Amino acid sequence: MDSYLAGLFDGEGSVSITGYPHTRLTLALAMTTPAPFPLLVERLGGRWYTSNRRTVTGKSVYRWDVVGTTAKRAVRILLPKCVVKAPQLRLANELIGLLEAQKQRLGRVYAGRGRKLHPHEAELRNVIALTNRQLNGTV
């Protein structure tokens with residue numbers, strides 16, 4: 001099952017990372033066949049829904065996504081099996097580590113919003129985001 005989901009993600013999935021000050025990680029997959037989406041949610045978490053977007057032939061587009069540190073499970077399951085998206089998933093895994101370390105430093109209650117990061121950590125988040133955009137060909 002994990003190999004199937006990884007192949008699906010390699011072909012149809014995406015990893016999006018935005019940098020500091022609004023750091024965000026999103027794993028997403030979109031396609032016109034809804035059958036695999038319950039499997040994605042069951043195994044990797046996240047949610048699936050019918051997008052407002054339609055194809056040029058009028059088909060509905062279904063979308064799965066998982067956001068932030070809740071994507072940790074999906075990243076850890078997909079990373080060993082993916083080929084095409086492995087570099088992006090490695091960056092996502094690194095970012096999750098940074099976000100979890102920040103939460104641990106700030107205590108149980110996440111107090112990251114409105115708090116300044118150490119310049120080195122902010123720069124590292126921005127480098128991760130830029131590298132991901134380069135891998136995705138969106139720079």
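# A guided tour of the predicted model

Begin with the largest nonpolar core, which has 33 residues; select F9, L25, L27, W64, L78 and L89, the members that touch the most other members. The coordinates belong to a predicted model. In soluble globular proteins, nonpolar side chains tend to be buried together.

Next, colour the elements that supply this core. At least two residues each come from α1 (2-12), β1 (13-18), β2 (24-31), α2 (37-44), β4 (60-67), α3 (72-78), α4 (86-106) and α5 (119-136). The element that gives the most is α4, with 8 residues.

**L78 and its contacts**

Centre the view on L78 and display what surrounds this residue. With residues up to four places away in sequence not counted, L78 touches L5, A6, F9, L27, L44 and L89.

**Helix α1**

From there, move to α1 and select D2, L5, A6, L8, F9 and D10, which are the buried residues of this helix. An α-helix has 3.6 residues a turn, so residues three or four places apart point the same way. To see what covers the buried residues of α1, show β1, β2, α2, β4, α3 and α4, which are among the covering elements.

**The strands**

Now hide the helices and select β2 and β4. These two strands run antiparallel and are joined by 6 bridges. For a reference position, pick L29, which stands opposite W64 in β4; W64 has already appeared among the core members that touch the most others.

Add β3 (residues 47-54) to the selection. Its pairing with β4 is also antiparallel, over 5 bridges. Here the position to pick is T50, opposite Y62 in β4. Follow β3 into the hairpin with β4, where 5 residues lie between the strands and G58 takes a positive phi near 90°.

**The aromatic cluster**

Keep Y62 on screen and add F37 and W48: F37, W48 and Y62 form one aromatic cluster. The whole structure holds 4 aromatic pairs. In the pair of F37 and Y62, the ring centres are 6.4 Å apart and the planes meet at 50°, so this pair is tilted. Because F37 lies in helix α2 and Y62 in strand β4, the pair ties together parts that are 25 residues apart in sequence. Both residues are buried: F37 has a relative accessible area of 0%, and Y62 has one of 17%.

**The loop between β1 and β2**

Select Y20 and P21 and inspect the backbone. The peptide bond from Y20 to P21 is cis, with omega near 15°. P21 is located in the loop between β1 and β2.

**Where α4 meets α5**

Turn to Q88 in helix α4. Is Q88 buried or exposed? With a relative accessible area of 5%, Q88 falls under the 20% limit and is therefore buried. Neighbours within four places in sequence aside, Q88 is in contact with V15, N132, L135 and N136.

Of these contacts, select L135, which is located in helix α5. L135 has a relative accessible area of 40% and is partly exposed. Again leaving aside neighbours within four places in sequence, L135 is in contact with P87, Q88 and L91.

To finish, draw a distance from L135 to P36. The two residues are 99 apart along the chain, and their C-alpha atoms are separated by 26 Å.

Note on methods. Residues are numbered from 1 along each chain as its sequence is written. This is a predicted model: local features need pLDDT of at least 70, side-chain atom pairs count only at pLDDT 80 or more; totals for chains, interfaces and linings use all residues. Side-chain values use heavy atoms; hydrogens and water are left out. A nonpolar core is a set of buried Ala, Val, Leu, Ile, Met, Phe, Trp, Tyr and Cys residues joined through side-chain atoms within 4.5 Å. Buried means under 20% relative accessible area, exposed over 50%, partly exposed in between (1.4 Å probe, protein chains only). Helices (H or I, at least four residues) and strands (E, at least two) are DSSP runs, numbered from the N terminus. Contact means heavy atoms within 4.5 Å. Two strands pair if DSSP finds at least two bridges between them. Rings of Phe, Tyr and Trp (its six-membered ring) pair if their centres lie within 6.5 Å; planes under 30 degrees apart count as stacked, over 60 as edge-to-face and the rest as tilted.
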